[in-house]
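Trainee: I am new here, and I would like to learn how the labels are decided. Could you take me through some of them?

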Amino acid sequence: MKRLQANKNLTLVKENQYKGMPVYNSPDGLVKEYLERTFNVIDCTLNDYANVYTFRVDINFPSNWVIDENQASIYIDGFIRAFRNRIRSNNAKIKYTTDLRYIGTREYTQEGRIHYHFMFFVNKNSYHTLGAFNILRSNLYTRLVTAYARALTIEPGEAMGYVHIPSNAGMVIKRGCVEGVGNAIYRASYLCKAHSKQYHNRKHSFFSSRS
């Protein structure tokens with residue numbers, strides 16, 4: 001494995017498997033250290049819950065906003081904090097509680113605009129779907145969008161335009177199901193690609209919840 005030229009502390013993986021699991025085949029390679037953290041988050045979540053619901057989310061900023069990495073990080077920290085608080089608040093109302101775990105990455109368009117990709121993990125007994133994309137509902141999608149709205153101090157209806165849910169974003173992982181875990185790792189490994197990130201400024205391009 002080769003070191004990433006832009007950051008010699010990071011290592012590139014260019015195979016289509018890692019630790020026996022399928023991973024996204026990016027032409028520029030995946031970052032080994034990001035893969036390790038991804039495996040750790042998935043392992044920790046499956047240690048806690050026999051069935052896990054996971055989903056992808058893409059987070060953007062309003063097109064007329066000009067923000068730097070420090071400002072973007074503040075908004076994203078606020079988003080994660082607000083989303084976690086909404087999950088914890090709802091735990092008091094449901095039979096099966098859950099922690100919120102995640103991996104996330106900051107990337108850049110060709111024009112240099114910052115955006116984020118996330119993959120979240122929760123107890124499937126607590127949430128088995130995002131629910132209807134309607135902020136008037138009391139579901140996981142509403143908690144997600146209103147958390148981002150709070151972070152940006154905008155209206156939830158406006159925030160819906162900056163929270164993109166990819167097609168087939170959600171899936172269930174069952175503890176001990178090698179195929180299911182492999183599918184989840186493959187999806188998550190897309191966030192570990194070296195491409196579209198910046199490394200020169202010593203800012204962390206990849207982050208995750210603590211185990």
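Mentor: We will talk about cysteines, then about one helix. This is a predicted model, where local features need pLDDT of at least 70, side-chain atom pairs count only at pLDDT 80 or more, and totals for chains, interfaces and linings use all residues. Residues are numbered from 1 along each chain as its sequence is written, and side-chain values use heavy atoms, leaving out hydrogens and water.

Trainee: How do you know that Cys-44 is in no disulfide?

Mentor: A disulfide is a pair of cysteine sulfur atoms within 2.5 Å. By this rule the count is zero disulfides. For Cys-44, the nearest cysteine sulfur belongs to Cys-192, 15 Å away. The sulfur of Cys-177 is 19 Å from its closest cysteine sulfur, in Cys-44, so that gap is too far for a bond.

Trainee: Why is Cys-44 called buried, and what is Cys-177 called?

Mentor: Buried means under 20% relative accessible area, exposed over 50%, and partly exposed in between (1.4 Å probe, protein chains only). Cys-44 has 14% relative accessibility, so it counts as buried. Cys-177, with 33%, is partly exposed.

Trainee: What makes helix 3 largely enclosed?

Mentor: Helices are DSSP runs (H or I, at least four residues), and strands are too (E, at least two), numbered from the N terminus. Helix 3 covers residues 140-152. Twelve of its 13 residues are buried, so the rest of the structure largely encloses helix 3. Those buried residues include Leu-140, Tyr-148 and Leu-152. Right after helix 3 comes Thr-153, with a positive phi near 50 degrees.

Key:
The expected span of a helix is 1.5 Å times one less than its number of residues.
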